[in-house]
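Trainee: Could you take a close look at one part of this fold with me, then work outwards from there? I'd like to see how the pieces fit together.

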Amino acid sequence: TEQSPSRLPEPRISPSVAPSTNSHLEIDAVTKNFGSQAVLKGVNLSVAKGGTTAIVGPSGSGKTTLLRLIAGFEHPATGSISLNGSPVAGDGVWKPAHKRHVGYVAQDGALFPHLTVGQNIAFGLSAAKLDGGRRAVNARVNELLEMVSLDTAMARRRPHQLSGGQQQRVALARALAREPELMLLDEPFSALDAGLRVATRRAVAKVLNEAGVTTILVTHDQAEALSFADQVAVMRGGKLAQIGNPFVVYTRPADRATAEFLGDAV
Ligand code: ADP
C-alpha cells in the first residue's frame with residue numbers, strides 16, 4: 001500500500017551531511033595483510049552519524065587492526081574508507097590521522113609516562129588550539145577529569161602513580177579533549193572492576209551521546225555491547241560474520257560459530 005505524497009515525512013537534511021545519507025563511516029571491501037598473513041579479508045561496515053557500534057569477536061580476529069585503519073594509523077591493502085561521505089583511504093586517497101577528527105583510545109591507554117596527568121590531557125588541547133591560554137586549558141583539564149569521574153587533584157600525578165583503571169580514564173579524557181567526531185574505543189573499560197566499569201561506561205556514554213559523537217567500541221563484554229550499542233558487528237577470522245541490532249545478534253546468531261562465540265563471551 002502506497003502512502004500519498006502528502007503523508008510522507010518531511011525530509012530532514014542537515015547542511016553538513018549529504019542529503020542521501022546519514023552515514024558517518026563507510027568501510028568498503030577493506031583488506032589488510034601483515035607480511036603473508038591476511039588479517040582483514042574484505043570488511044564492509046557502515047556506521048550512522050551519532051550511532052554506536054560494538055565490535056565483538058575472538059582475540060586475533062582483526063578488531064584492533066580495523067580500528068587502526070579507521071583512525072589512519074594503517075593503510076588498507078585494498079578497499080576504501082570514507083568519513084562523512086569523503087574518501088580518506090584507498091583508491092589512491094590518503095588523509096592522515098590528525099585530519100580525520102577521530103579519537104582513538106588504545107587498549108593500554110598509552111599515556112605519555114614522563115608527563116603529568118594534566119599535561120597528558122592538555123596535550124590534546126594544545127593540538128586543538130584552545131583559545132584563552134593556560135587558565136582555559138587548566139579549566140578544561142579539570143572539566144575533562146570530572147567527566148571521567150576522576151578527582152581534579154589527579155592532574156598533578158604521573159601515570160605510574162595511577163591504577164590501570166584510572167589510567168584508562170585519563171586516556172579517555174585525553175581523547176575527549178580533542179573533541180573528536182568519531183571515537184574509537186578498544187576495550188576501554190577492561191582494566192576497571194565490575195562496579196566502576198558500569199559507572200564509567202554510563203558516564204562516557206553520556207558524554208559521547210550529548211556531544212553527538214559517533215562511537216565504535218571493541219568489547220568482550222556482552223552487557224556493554226547491549227547497553228552501549230545500537231549496532232553489533234561480530235568479527236571472525238578477518239571478516240564480519242554478522243552485523244545487526246544487538247538484540248537480534250544475541251538472540252539470533254547468524255551461524256553456529258557466532259552462537260558459540262557469543263555464548264562463550266557471556
Ligand atoms: P584483535 O583485536 O581481534 O585481537 P588484532 O587486529 O589485534 O586482533 O590482530 C589480528 C591479527 O593481526 C593477529 O594475528 C595479530 O598478530 C596480527 N597483527 C596485528 N598487528 C600486527 C602488526 N603490526 N604486525 C604483524 N602482525 C600484526
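Trainee: How many residues lie between β4 and β5 in their hairpin, and which residue in the turn has a positive phi?

Mentor: One caveat before the hairpin: this is a predicted model, where local features need pLDDT of at least 70 and side-chain atom pairs count only at pLDDT 80 or more, while totals for chains, interfaces and linings use all residues. Numbering starts from 1 along each chain as its sequence is written.

Now, your hairpin. β4 and β5 have 2 residues between them, and N84 in the turn carries a positive phi of about 50°. (Strands are DSSP E runs of at least two residues, helices H or I runs of at least four, numbered from the N terminus.) The two strands pair in the antiparallel sense over 3 bridges, pairing here needing at least two DSSP bridges. S82 has P87 as its bridge partner in β5. S82 turns up again on the other side of the story, as the β4 bridge partner of E26. That link belongs to the pairing of β1 (residues 23–34) with β4 (residues 78–83), antiparallel and joined by 5 bridges.

Step back and the hairpin sits inside an open antiparallel sheet of 5 strands, ordered β2-β1-β4-β5-β6. The edges are β2 (37–48) and β6 (93–94); each has a single partner strand, so one side of each has no neighbour in the sheet. On the β6 side, β5 (residues 86–90) runs antiparallel to β6, with 2 bridges between them, and G90 stands opposite V93.

The other sheet is open too, but with 6 strands and mixed pairing, in the order β7-β8-β9-β3-β10-β11. Here β7 (102–105) and β11 (239–244) take the edges, each with one partner strand, so one side of each is left without a neighbour in the sheet. From one strand to the next the twist averages 15°. At the β11 end, β10 (residues 231–236) pairs with β11 in the antiparallel sense through 5 bridges, and M235 stands opposite L240.

Next, helix α1, which lies across β3 (52–56), β7, β8 (182–186), β9 (214–218) and β10, at about 155° to β8. For angles, axes are lines fitted to C-alpha atoms (for helices, over the stretch in contact), and values run from 0 to 180 degrees between N-to-C directions. Contact means C-beta atoms, placed from the backbone, within 7 Å.

α1 (residues 63–71) also gives the largest share of the shell around the ligand, 3 residues. The whole shell is F34, V39, G57, S59, G60, S61, G62, K63, T64 and T65, taking residues whose backbone-placed C-beta lies within 6 Å of the molecule. It divides into 2 nonpolar, 7 polar and 1 charged; Ala, Val, Leu, Ile, Met, Phe, Trp, Tyr, Cys and Pro count as nonpolar, Asp, Glu, Lys and Arg as charged, the others, Gly among them, as polar.

Last stop, a helix pair: α3 (residues 133–147) and α4 (residues 164–177) pack at about 130°, axes 9 Å apart. R140, L144, L145 and M147 of α3 meet A173, L176 and A177 of α4. That contact has 6 nonpolar residues, no polar ones and 1 charged.

Methods: Two residues are in contact if their C-beta atoms, placed from the backbone, lie within 7 Å.
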